[in-house]
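Visitor: Could you take one strand of this model and walk me through it closely? I'd like to hear how its residues sit and what lies alongside.

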Amino acid sequence: MRIAVWAHPYSEFPVGRDTAANIRDFFARLAEVGVESYFPFVLTHGKWYFRSEALGAPERDLLGLCLEAGREAGVQVHPILGLGAVGARSSEGPAGLYDPGASGDDVPSWARNWPCPAWEENLEFIWRVLDGLLRDYAPDGIHLDYMRYPNAEAFLDAHPCVCERCRAARKQWLGHETISEEDWARPGVRFKEIEMRGRFVRRLLAGIVERVHGNGLALSLAARARYLKDAVCEGQDWVAWCHEGLLDFVCPMSYNPCFERFQRFVDDHQRLLAGCDVPLLVGIGRKSSLGENTPEQMERQIEFARERGAGGVCIFHVGAFGTEDYEVLRRVAEGD
């Protein structure tokens, strides 16, 4: 069973403990307990941890050290890119951000800083950042996160984007630029709005696929766990992407300390991917915004994924691991 971890190298390796020796020791420990892949957030909340001609000087270059340590230990490193908090945005040109409109006072500030995929300039800049990363670092793959619009159920559905580009695109099929409550009550309008979001996100994905697969590398995604309720509505039709062969493996974020709900997620995701060759790496939340699993609960969820024949697991996040967690992974690896 493949074991992968999501990671925050800027906190795992704080200043003063970000030496090559410390990072090598960390990766050696991961390898000892069977971790095969490390997915680091290297661009997050306006800071980046890799050299980039497009972005400018980094906070620190942690990606290079992680790749070197990973290669020595036999652990693959797949840096994370996408939109939202991990989105690259140029300081030049138009802002191109998700705009909830004048009535969107309840929309959090982080969503207001979300690069809108309707803007070709945003896509081109992300592709430019990716081109440099692939050229300068030659990672083992690229892992995508936040490949979507902001959270639909929480606020996007109540505040569809009214940026300049979304309004122009919407006018073509709706006849006017903004959606009223009466409009939103019509199934056809909801369908066309969701279709529009998906079209813009998929255009970004297509450029990433071309670059990553063109370099012979693996492309994967941290996918929304609730496929119909969240993913599709936000333009992230990851099931279709898998069936079309755009992704090499997928990691739905089925984080939940409730074992029964976790089981339902796994069974649903396996049903959705039936007949598809893309491996499912079950997302397990050791510690996330949805709660915290004990090491024992984490082990139970890993064993359930194994029993269901999943391709592996991906755990959020490695920074929450203690001695017991590493022992759990050691037992899992020994059981393969």
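Guide: Let's go with strand β13, residues 312-316, in what is a predicted model. This strand is mostly covered, with five of its five residues buried. Buried here means under 20% relative accessible area. Look at which way the side chains go: Gly312, Cys314 and Phe316 point one way from β13, while Val313 and Ile315 point the other way, and all are buried.

Now for the neighbours. Strand β1, residues 2-7, pairs with β13 in the parallel sense, over four bridges. To find that pairing on screen, start from Arg2, whose bridge partner in β13 is Gly312. Strand β10, residues 281-285, also pairs with β13 in the parallel sense, this time over five bridges. Gly312 turns up again there, since you'll find Leu281 standing opposite Gly312. So if you want one residue to centre your view on, Gly312 is handy: Arg2 is its bridge partner, and Leu281 stands opposite it.

For something to hold next to β13, try strand β9, residues 249-252. Phe249 and Cys251 point one way from β9, Val250 and Pro252 the other way, and all are buried. Strand β8, residues 218-223, pairs with β9 in the parallel sense over four bridges. Within that pairing, Leu221 has Val250 as its bridge partner in β9.

How values were computed: Residues are numbered from 1 along each chain as its sequence is written. This is a predicted model: local features need pLDDT of at least 70, side-chain atom pairs count only at pLDDT 80 or more; totals for chains, interfaces and linings use all residues. Side-chain values use heavy atoms; hydrogens and water are left out. Buried means under 20% relative accessible area, exposed over 50%, partly exposed in between (1.4 Å probe, protein chains only). Helices (H or I, at least four residues) and strands (E, at least two) are DSSP runs, numbered from the N terminus. Two strands pair if DSSP finds at least two bridges between them.
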